[in-house]
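Please work through the exercises below with the coordinates open beside you, trying each task before reading its solution.

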Amino acid sequence: MPAREPARTPREVLALLREREVKAVDLRFMDFPGLWKHFTIPAEALDEDAFEEGIGFDGSSLRGWMPINESDMLLVPQPDTLFIDPFARDTTLAMLCNIQDPLTREDYSKDPRNVARKAVNYMKSTGAADAAVFGPSLEFFVFDDVKFDQTSHSAFYYVDSAEGAWNTGRDERPNLGYKVPPRQGYFPCPPTDAVSDLRSEMMLAMMDCGITVESHHHEKAGGGQCQIGVRYDDLVPMADNVLKYKYVVKNVARRHGKTATFMPKPLFDDYGSGMHVHVSLWKNGTNLFAGGDYSGLSDTALYALGGLLKHAPALCAITNPTTNSYKRLVPGFEAPVNLAYSQRNRSAAVRIPVYSSRAKSKRLEYRVPDGAANPYLTFAAMLMAMLDGVRNKTHPGPPLDKDIYDMPPEELKDLARVPQTLDDALTALERDHEFLLQGGVFTEDVVETWVEYKRKAEVAAVRVRPHPYEFALYFDA
């Protein structure tokens, strides 16, 4: 179990402002689809009342939130989330906030952080567990240049990386070689790993923000794919840390004239970027996933695993929330396509890591999600699926300890698969979301708004636009 620092009080926050000579306070929250938002107040404008009464703002311009006639909302700063922003020119203290309705003072149902908090409270109310520990492994690309545009008569994208194999013949005056071949980017040393120092700077900035970092390395794809491993934590603070992680990665890259993206599949014919989520349930300081069954799992772990696999198609609408997500979930690139589980096998949707035989390390690794996901909604939905599996004793069936990609079609035909498109995943969520509604964690309006927004703003928007490759396929039709 992660160690938890003593909770800060508002008075202690104000004392820290004076001690660190803080000039500004940055208030942050996440919009419905999953982008961090903020506004800033002078340090002297923050008082103890703000932590109780909140600070008003207009919620009508945020995607998926309030209509214009009900736009007033409250931000309530959370003292335990504070950190000094390492990128602000003037000393700035950042705090994450919960969202409330100003009339009822109730937590807002579409605030993703509120959904995550409710999931934890529901878990505790069932008695199934008192802690859900999450450890996501986020992958991302660092590019040196990115250009894209979409008009009525043209469409293109272009990304570039100094280490990209496509630049072996570029006149770089001089070109020193050391490019990363496609699919051969795992663990090279510098100078081939051209972004090692950049990742170290990201690691140190994360640590300054209160994140415990375990390691960093170059990932499997060429073109600047990276991973920085961070230590597990309870569900809500871990989701908070995912936002800090992405903020640090993007701003360190920008500091060096580069750009970072968590887009799942920015390069064709190379590995995509996932967010593999390690998870375990605990009670009274004991890991409930440790036992004597397959790969050292308990019955509780197997039932939780069964819940994940049963609800995986619906979960994909939340854990893989972009049209681009499904360009990663294809055979041949170590992304899970078939809904199976295994120990050590990274081609399975759920892997049981065997790095350690210690009971406290026993966990599931759900390999389907990607970094474009809203971490609050993703972790909450995963927890609800696992709790549903535990409640209904949903056994996942036998494991699949084979290389799934090398199995003949006759063996694969009966295996359940992830959806092939975001639209398919949204349809699965429409059909299967009762497990999310338990305890009022997700509400019908949250599910309906999510589906409606994704279909209108993303699925339909992509569907009606010609794709550049269609010109190669069909222009001479």
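The exercises that follow concern a predicted model, and each task is followed by its solution in steps.

**Exercise 1. Geometry and burial of a helix**

Task: Compare the span of helix α4 with the span expected at 1.5 Å a residue, then establish which residues of α4 are buried and what covers them.

Solution. Step one is the length: α4 runs over residues 196–208, which makes 13 residues, and the distance from its first C-alpha to its last is 19 Å, close to the expected 18 Å. Step two is burial, where the residues of α4 that qualify are Ser196, Leu198, Arg199, Met202, Ala205 and Met206. Step three recalls that an α-helix has 3.6 residues a turn, so residues three or four places apart point the same way. Step four turns to the cover, which includes the strands β7 (131–143), β10 (213–218) and β11 (225–230) as well as helix α5 (235–255). A last step looks just past the end of α4, where Gly210 takes a positive phi of about 90°.

**Exercise 2. Met202 and the nonpolar cores**

Task: Find which residues touch the most other members of the largest nonpolar core, and list the contacts of Met202 beyond its neighbours within four places in sequence.

Solution. The largest nonpolar core holds 127 residues, and those touching the most other members are Leu46, Phe134, Met202, Leu383 and Phe442. Helix α6 (residues 299–319) supplies the largest share of this core, with 13 residues. For Met202, once its neighbours within four places in sequence are set aside, the contacts are Phe140, Val142, Ile228, Val248, Val249, Val252 and Ala253. A second core, separate from the one just described, has seven residues, among them Phe141, Ala221, Tyr271 and Phe333.

**Exercise 3. Backbone features between β9 and α4**

Task: In the loop between β9 (155–160) and α4, locate the prolines Pro174 and Pro191, and examine the peptide bond that precedes each of them; then inspect phi at Arg183 and Phe187.

Solution. Begin with Pro174, which is joined to Arg173 by a cis peptide bond with omega of about 0°. Continue with Pro191, where the bond from Pro190 is also cis and omega is near 10°. Next comes Arg183, likewise in this loop, whose phi is near 65°, a positive value in a residue other than glycine. Because its relative accessibility is 34%, Arg183 counts as partly exposed. Finally, Phe187 lies in the loop between β9 and α4 and has a positive phi of about 65° although it is not a glycine.

**Exercise 4. A buried glycine and an exposed phenylalanine**

Task: Decide whether Gly224 is buried or exposed, do likewise for Phe268, and describe the surroundings of each residue.

Solution. Gly224, placed in the loop between β10 and β11, has a relative accessible area of 0% and is therefore buried, the cut-off being under 20%. Its C-alpha is 5.0 Å from that of Val142, although the two residues are 82 apart in sequence. Leaving aside neighbours within four places in sequence, Gly224 is in contact with Phe140, Phe141, Val142, Ser161, Glu163 and His218. Phe268, by contrast, is found in the loop between β13 (259–261) and β14 (275–283), and its relative accessibility of 73%, set against a cut-off of over 50%, means that Phe268 counts as exposed. Together with Val146, Phe148 and Tyr157, Phe268 makes a nonpolar surface patch of about 530 Å².

Key: Residues numbered from 1 in each chain as written. Predicted model: local features only at pLDDT ≥ 70, side-chain atom pairs only at ≥ 80, totals over all residues. Heavy atoms only, no water. Helix = DSSP H or I, 4+ residues; strand = E, 2+ residues; numbered from the N terminus. Expected span 1.5 Å × (residues − 1). Buried < 20%, exposed > 50% of the residue type's maximum accessible area, 1.4 Å probe, protein only. Contact = heavy atoms within 4.5 Å. Patch = residues over 30% accessible without salt bridge, like charges linked within 9 Å, V, L, I, M, F, W, Y side chains within 5 Å. Areas by Shrake-Rupley, 256 points an atom, 1.4 Å probe, with all protein chains shown as cover. Salt bridge = Lys/Arg side-chain N within 4 Å of Asp/Glu carboxyl O. Core = buried A, V, L, I, M, F, W, Y, C linked by side-chain atoms within 4.5 Å.
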